[in-house]
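Reader: I am new to this structure and would like a close look at a single part of it. Could you take me carefully through one of its pockets, and then through one pair of packed helices?

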Amino acid sequence: GSSKWPADTNAMGAAKCAMLMQIADGIKDMKGRKEPGSSLFDGPMNVTPSHIEFGFSGYVWRVIIRADQELKILEALRNPSREAITLRKLLIQRHVTASKHHFTIHGVNTKYAAAGPVVRLLRRWIASHMLSGLIPIEAIELLVASVFTDPAPFESPTTVSCGFLRCLDLLSNHDWARAPLIVDPEGHISSEDRADILIQFEATRGPEFQHGPPMYLISPNDYNDDDCKWTPSYTYYSPEKVVLGRLSALAKRSSQFLMICLARGVTGGQTKESSWSSIFHETPASLRSYSALFRIDPQLVVDSTCSSTSSNYTLSRNDQGIITPYRHSMEKILAGPKTLRKKVYKNLNTMESTVMLGWTPVDDIVQKLRLHFGRYAVFFYNEFCPDLIAMLWRPNAFARQTYSAMNSEFFTPMEHNWIEDGLVTTNASDVLRAIQCKLHNVVVDSKILDFRSTFEEEKKSKAERSKKKAKGKAGAVMSSSEGGSDD
């Protein structure tokens with residue numbers, strides 16, 4: 001809100017970048033003078049035009065400068081450009097909506113001690129079924145907040161296991177197509193607002209309940225002052241319908257299995273198939289349901305105990321006490337990949353040269369795959385143990401399409417049954433080759449389970465036509481022979 005900010009958005013961005021550089025220089029000066037507390041800044045610092053990243057007390061922090069004057073300048077534009085509109089939406093989402101969401105979730109976690117661990121457990125369960133990145137973390141937090149603040153007809157959960165079971169029941173039993181999920185921890189949404197939300201939801205869904213965001217999740221922070229409407233801030237674009245359907249089915253199956261385990265008194269000491277931990281595993285049958293599987297180089301996998309196929313949830317003991325799977329995972333993540341570890345001696349301070357911030361090659365490559373090939377397929381992986389990337393063709397990926405020279409990449413012409421608006425279709429072979437080219441530095445093996453190439457389809461169609469011709473010839477021969485016998 002300072003009046004000393006520049007009056008131009010580009011100049012303001014340069015000023016914020018300069019402030020970030022000053023913060024980095026100040027931290028370096030503190031460490032050079034060895035001031036009290038400066039030793040907590042461990043690891044390198046990464047300065048970008050939008051943020052600064054540094055290590056502090058064993059965690060990585062990202063600092064972003066908020067300038068309210070920047071929003072005021074963008075709001076005052078009479079004819080804003082497309083870039084200005086995009087920047088304003090980004091700033092509102094990052095600085096306004098995200099801040100309100102943080103305070104909402106902070107209030108829930110402060111009031112209910114089990115809410116935070118439930119968020120962590122639910123996120124681990126979602127990742128174990130290779131749905132990482134397809135469901136926003138904010139949506140997961142709002143689901144947990146709904147379970148704790150709106151538990152009717154039950155009371156609020158008091159344990160992590162109870163809260164996790166309630167979340168699974170909510171995911172599997174809520175009618176996402178016909179009803180919005182309104183999360184209001186502090187009672188800020190009035191009855192009139194709820195009526196408006198229902199009206200807007202019905203108008204968005206349509207008479208067949210087929211339109212709009214599949215997960216219509218509304219919180220008090222989702223009111224848009226520009227158009228005076230309630231719009232989902234974090235679930236407008238994701239999860240997709242196919243992802244939400246898979247999530248609901250997995251939640252139902254996991255909830256039923258956990259209830260059976262509780263009724264029978266089954267613990268983690270049983271077999272892999274009967275243990276409660278099996279809900280965090282992908283079965284061989286579920287892996288065969290994908291179109292393609294890509295095996296990641298094991299050297300890039302930091303923590304194999306979180307794998308979707310062979311995770312380990314057993315407790316261990318040492319001189320310091322009980323070692324939980326979470327602590328074991330954090331120690332492995334801190335150590336990093338074995339090939340990148342350096343020998344560190346006690347008398348040398350080499351923390352800055354051994355720590356790498358934000359080094360997530362598998363996460364980055366999955367984002368690129370979703371960006372470039374998302375219209376053809378859906379990509380699945382486990383962010384905590386990315387040892388496998390799965391791909392599933394979209395149902396409309398191989399539909400006939402109109403030919404256009406401007407958009408002819410990954411297309412192949414149809415060889416038969418031409419129609420005016422359907423001369424080409426997707427060439428699965430080219431798409432798979434392009435995907436494997438993107439993955440050549442991180443993948444050691446791949447397996448194609450659903451190879452829908454046009455060549456194979458054409459072979460099938462030619463075989464069917466040849467069969468029909470053979471049947472026609474056989475019928476003609478039979479009719480001619482029958483005619484000769486009558487003579």
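Author: What follows describes a pocket and then a helix pair, both taken from a predicted model.

The pocket chosen here is the second largest, and its volume comes to about 1,200 Å³. Its lining is made up of 41 residues, and those that lie nearest the centre of the pocket are Lys89, Ile92, Gln93, Asn224 and Ser233. Several elements contribute to this lining, for at least two residues each are supplied by the helices α2 (68-75), α3 (82-111) and α7 (191-205), and likewise by the strands β6 (223-224) and β7 (229-230). Of the lining of this second largest pocket, the largest share belongs to α3, which provides ten residues. Sorted by class, the lining holds 19 nonpolar residues, twelve charged ones and ten polar ones.

The helix pair consists of α12, residues 361-373, and α13, residues 428-438, whose axes lie 11 Å apart and which pack at an angle of about 155°. Because angles over 145 degrees count as roughly antiparallel, α12 is therefore roughly antiparallel to α13. The two helices, α12 and α13, cross in a right-handed sense. On the α12 side the contact is formed by Ile365, Leu369, His372 and Phe373, while α13 brings Val431, Ala434, Ile435 and Lys438 to meet them. Taken by class, this contact between α12 and α13 comprises six nonpolar residues, together with one polar and one charged residue.

How values were computed: Residues numbered from 1 in each chain as written. Predicted model: local features only at pLDDT ≥ 70, side-chain atom pairs only at ≥ 80, totals over all residues. Heavy atoms only, no water. 1 Å grid on protein atoms, 1.4 Å probe; cavity = no way out; pocket = protein on both sides within 12 Å on 5 of 7 lines; lining within 4 Å. Points joined across faces, edges and corners; volume = space filled by probe spheres on them. Helix = DSSP H or I, 4+ residues; strand = E, 2+ residues; numbered from the N terminus. Nonpolar A, V, L, I, M, F, W, Y, C, P; charged D, E, K, R; others polar. Axes fitted to C-alpha atoms, helices over the stretch in contact; angles between N-to-C directions. Parallel < 35°, antiparallel > 145°, perpendicular 65-115°, else oblique. Left-handed = near helix turned anticlockwise from the far one by under 90°. Contact = heavy atoms within 4.5 Å.
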